[in-house]
Amino acid sequence: MIRLIILGAPGSGKGSQCKWITKDYDVPHISTGDILRKNIADGTPLGLEAKEYMDKGALVPDELVINLLKNRLQEADCKEKGFLLDGFPRTLDQAKALDSYLTENGLSIDKVINLHVPDEEIMGRALNRRTCSNPECKEIYNMRDNPPKEEGICDKCGSKLFVRDDDNEITVTKRLATYHAQTEPLIAYYTEKGILATVVGQERLEDTIALVKEQLA
Ligand code: AMP
């Protein structure tokens, strides 16, 4: 049982780290971005409301995501195995709401991994990113460093790859600005609590994985 948060700018590679952590630690991976995208795909009222913000690179209002997250944390798998939060919290108010929820339930966060990658590097990666459309797979490729064997097709499951609606230059610039203004203060917040470890994202995924492993050991 472990309770983790992975913090980092959008596009810093949190998703790739979450893939191995969730396997190695047998812990549910909870990405608020994935849950919101699923709501958009299903055409739910929540999805319709969230899409407007997401397409602009803005944050979805706190109240919506906080409720969504709390509901998710009440599911059996989180109670049994803990959780790995990816993309939440993204504001101080979200972090405080999470703390209140955990305190009320006698729980606490074990560690916050802060994945640091410079903005220019993030922009380069986002514009080259292709994501597998199969929700069971979600493999991520990079046309520059890690292209699929066959263009547009996932090596692992054969599904089509797609470019996320929000992986374009204007939206990425906006998302980075949003990150610096609203999410970066969480680094100080969790440092003060003594549970934050910063890992600098390396060029090679395996190297970053090794650094994160050290911090979790
Ligand atoms: P992500 O997949 O984590 O990059 O999230 C994609 C988009 O979903 C973000 O740019 C936000 O618009 C929205 N989103 C995801 N998580 C949150 C959150 N915790 N708070 C507010 N908006 C969020």
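This briefing walks through the sheets, cores and two of the helices of the structure above. The model is a predicted one. Five strands make an open parallel sheet, and three others form an open antiparallel sheet. The largest nonpolar core has 27 residues, and a second, separate core holds 15.

**The parallel sheet**

- The strand order is E2-E3-E1-E4-E8, with parallel pairing.
- At the edges sit E2 and strand E8 (196-200), each of which pairs on one side only.
- From one strand to the next, the twist averages 20°.
- E4 and E8 are joined in the parallel sense by five bridges.
- Looking across to E8, you'll find leucine 115 opposite valine 199.

**The antiparallel sheet**

- Here the order is E6-E5-E7, and the sheet is again open.
- Strand E6 (140-142) and strand E7 (161-162) are the edge strands, each with pairing on one side only.
- Strand E5 (residues 129-132) runs antiparallel to E6, and three bridges join them.
- Arginine 130 faces tyrosine 141 of E6.

**The cores**

- In the 27-residue core, the residues with the most contacts inside it are Ile5, Leu73, Phe83, Leu85, Leu98, Ile109 and Tyr190.
- Both strands and helices feed this core: strands E1 (2-8) and E3 (82-86), plus helices H3 (45-56), H4 (62-73), H6 (92-104) and H9 (185-192), give two or more residues to it.
- The separate 15-residue core includes Trp20, Ala197, Val212 and Leu216.
- That fits a familiar pattern: in soluble globular proteins, nonpolar side chains tend to be buried together.
- If you want one residue to click on, try tyrosine 190: beyond its neighbours within four places in sequence, its contacts are Ile5, Pro89, Ala95, Leu98, Val112, Ile195 and Leu196.

**Helix H4**

- H4 has twelve residues and spans 16 Å from its first C-alpha to its last, close to the 16 Å expected at 1.5 Å a residue.
- Its buried residues are Val65, Ile66, Leu68, Leu69, Arg72 and Leu73.
- Viewed down the axis of H4, these buried residues stay within an arc of 165°, so they line one face of the helix.
- The general geometry helps here: an α-helix has 3.6 residues a turn, so residues three or four places apart point the same way.
- Exposed Glu63 and Asn71 are carried on the face of H4 turned away from the buried side.
- Packing partners for the buried residues of H4 are E2, helix H2 (32-42), H3, helix H5 (76-81), E3 and H6.

**Helix H1**

- Helix H1 (residues 14-24) buries Lys14, Gln17, Cys18, Trp20 and Ile21.
- Those buried residues pack against E1, strand E2 (29-31), E3, strand E4 (111-116) and H10.
- Just after H1 comes aspartate 26, with a positive phi of about 50°.

**Threonine 208**

- Threonine 208 belongs to helix H10 (residues 205-216).
- Is threonine 208 buried or exposed? Threonine 208 has a relative accessible area of 4%, and the cut-off for buried is under 20%, so it counts as buried.
- Not counting residues up to four places away in sequence, threonine 208 touches Gln17, Leu115, Val199, Gly201 and Gln202. Of these, Gln17 is one of the buried residues of H1, while Leu115 and Val199 are the pair that stand opposite each other.
- The C-alpha atoms of threonine 208 and isoleucine 5 lie 16 Å from each other, with their positions 203 residues apart along the chain.

Terms used
Residues are numbered from 1 along each chain as its sequence is written. This is a predicted model: local features need pLDDT of at least 70, side-chain atom pairs count only at pLDDT 80 or more; totals for chains, interfaces and linings use all residues. Side-chain values use heavy atoms; hydrogens and water are left out. A nonpolar core is a set of buried Ala, Val, Leu, Ile, Met, Phe, Trp, Tyr and Cys residues joined through side-chain atoms within 4.5 Å. Buried means under 20% relative accessible area, exposed over 50%, partly exposed in between (1.4 Å probe, protein chains only). Helices (H or I, at least four residues) and strands (E, at least two) are DSSP runs, numbered from the N terminus. Contact means heavy atoms within 4.5 Å. Two strands pair if DSSP finds at least two bridges between them. The expected span of a helix is 1.5 Å times one less than its number of residues. The arc is that of the directions from the helix axis to the C-beta atoms. Axes are lines fitted to C-alpha atoms, for helices over the stretch in contact, and angles run from 0 to 180 degrees between N-to-C directions.
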